[in-house]
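Thanks for coming, everyone. Please pull up the sequence and the model, and follow along as I go.

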Amino acid sequence: MLMVAAFGRLLNVLIKDTACVYRPWVLDSAVQPATEALEKASSYSMPSGHTQGVMAIYGGLAYFYRRKFPRLIIPCAMIILAVGFSRNFLGVHTPQDVLVAIIETFAVMFIAEKILDASAKDKKYTVMAFAAGIIFSVAAALFIMLKSYPMDYLNGQVIVSPLRAVIDSLDSIGGVAGFLIGLPLENHFVNFTTNVDRATKIRRIIIGGVVGGAAMTLLYALKVFSNIAIYEFCKGFLPLIAIIFLAPLAFSFVEKRVKFRR
């Protein structure tokens, strides 16, 4: 699911910055977007980033557990459709934006499952997939940063600033970097497993909350004291590295050194 969330987000931004489709109210003056939603709608429109995010998490939950827990499909589908509808209702996306986000994220889920299945059978596929992930992410990042963007104006102002489009892509680049750095670190230093008793799992919730809180505190400090480019990159990087590597490392550190009693 984290693989889908990270690479799906980068693919979403890559499509968005390649197609350069403007927001609905730019394409049709009859559309009146909700004021509260405009703050998060600074870049291009297609595909919908919110729909991609919820599809990666809840769609991934339903997809990867479709055989073990088939009843998850219905509530997860309802959440995805509700979020997609809300983006249309708020006037910040078209139905096409939502549909493309769902299709591209489903494609990433399908590929991720094939990669994981192949890696489980032969470790050489893990190395190949990791190398392919690095090549794709670096190529996508360079393309997004170096490509030319349209300079169209509305009421005397540029509709989407190229700098704004690049900055909005940095969190997706940071997310993939967090995944690609965190995964080998975790495999080498932790080798995390969930095959533990319930008491250990409860302790992990508490420890994970502390690690997550520390990561979010650092992120807030970067927002206040650093520039926007560093903050946007770390907004994607810190949560992924915390989830994949730092939290399991903290679990391992505590569980190896402290013996708890129920």
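Is C20 buried or exposed? C20 is buried, because its relative accessible area is 13%. Here is the rule: buried means under 20% relative accessible area, exposed means over 50%, and partly exposed is in between, with a 1.4 Å probe and protein chains only. You will find C20 in the loop between α1 and α2. Its phi is near 55 degrees, a positive value in a residue other than glycine.

Some ground rules. This is a predicted model, where local features need pLDDT of at least 70 and side-chain atom pairs count only at pLDDT 80 or more, while totals for chains, interfaces and linings use all residues. Residues are numbered from 1 along each chain as its sequence is written, and side-chain values use heavy atoms, with hydrogens and water left out.

Now the overall picture. The protein has 9 helices and 2 strands. Both come from DSSP runs, numbered from the N terminus: helices are H or I with at least four residues, strands are E with at least two. Along the sequence the pattern reads α-α-α-α-α-α-β-β-α-α-α. The radius of gyration is 20 Å, close to the 18 Å that the globule rule gives for 262 residues, so the protein is as compact as a globular protein of that length. That radius is taken over C-alpha atoms, and the globule rule is 2.2 Å times the number of residues to the power 0.38. Along the principal axes, the C-alpha atoms fill a box of roughly 65 × 45 × 40 Å. Of the 262 residues, 39% count as buried.

What about contacts? Contact means heavy atoms within 4.5 Å. Take the contacts with a separation of 6 or more: residues 24 or more positions apart account for 77% of them.

Next stop, the loop between α2 (24-27) and α3 (49-64). M46 lies in that loop, and P47 is found there too. Which kind of peptide bond joins M46 and P47? A cis one, with omega at about 5 degrees. M46 counts as buried, because its relative accessibility is 16%. Leave aside its neighbours within four places in sequence, and M46 is in contact with I15, K16, A19, V21, D97 and V100. M46 and M109 are 63 residues apart in sequence, and their C-alpha atoms are 19 Å apart in space.

Step into helix α3 and you meet T51. T51 counts as buried, because its relative accessibility is 0%. Its side chain makes a polar contact with the side chain of S48, at 2.9 Å. A polar contact is a pair of N or O atoms within 3.5 Å; within protein, one must be able to donate a hydrogen and the other to accept it, and residues adjacent in sequence count only if both atoms are side-chain atoms. Beyond four places in sequence, T51 is in contact with residues including V83, R87 and I102.

On to the rings. A pair of aromatic rings is described by the distance of the centres and the angle of the planes. Rings of Phe, Tyr and Trp (its six-membered ring) pair if their centres lie within 6.5 Å; planes under 30 degrees apart count as stacked, over 60 as edge-to-face, and the rest as tilted. By this rule there are 10 aromatic pairs. One of them is F7 with F179: the centres are 5.9 Å apart and the planes at 80 degrees, so the pair is edge-to-face. F7 lies in helix α1 (residues 2-19) and F179 in helix α7 (residues 162-189), so the pair ties together parts that are 172 residues apart in sequence. F7 counts as buried at 14% relative accessibility. F179 counts as buried at 7%. Ring pairs link F7, F136 and F179 into a cluster.

Now N155. It sits in the loop between β1 (153-154) and β2 (157-158). Its phi is near 55 degrees, a positive value in a residue other than glycine. N155 is exposed, because its relative accessible area is 76%.

Last, helix α9, residues 228-257. Where does α9 bend? At A242, by about 50 degrees. The bend is the angle between axes fitted to the seven residues ending there and the seven starting there. N227 caps the N-terminal end of α9, with a side-chain oxygen 3.0 Å from the backbone nitrogen of A229.
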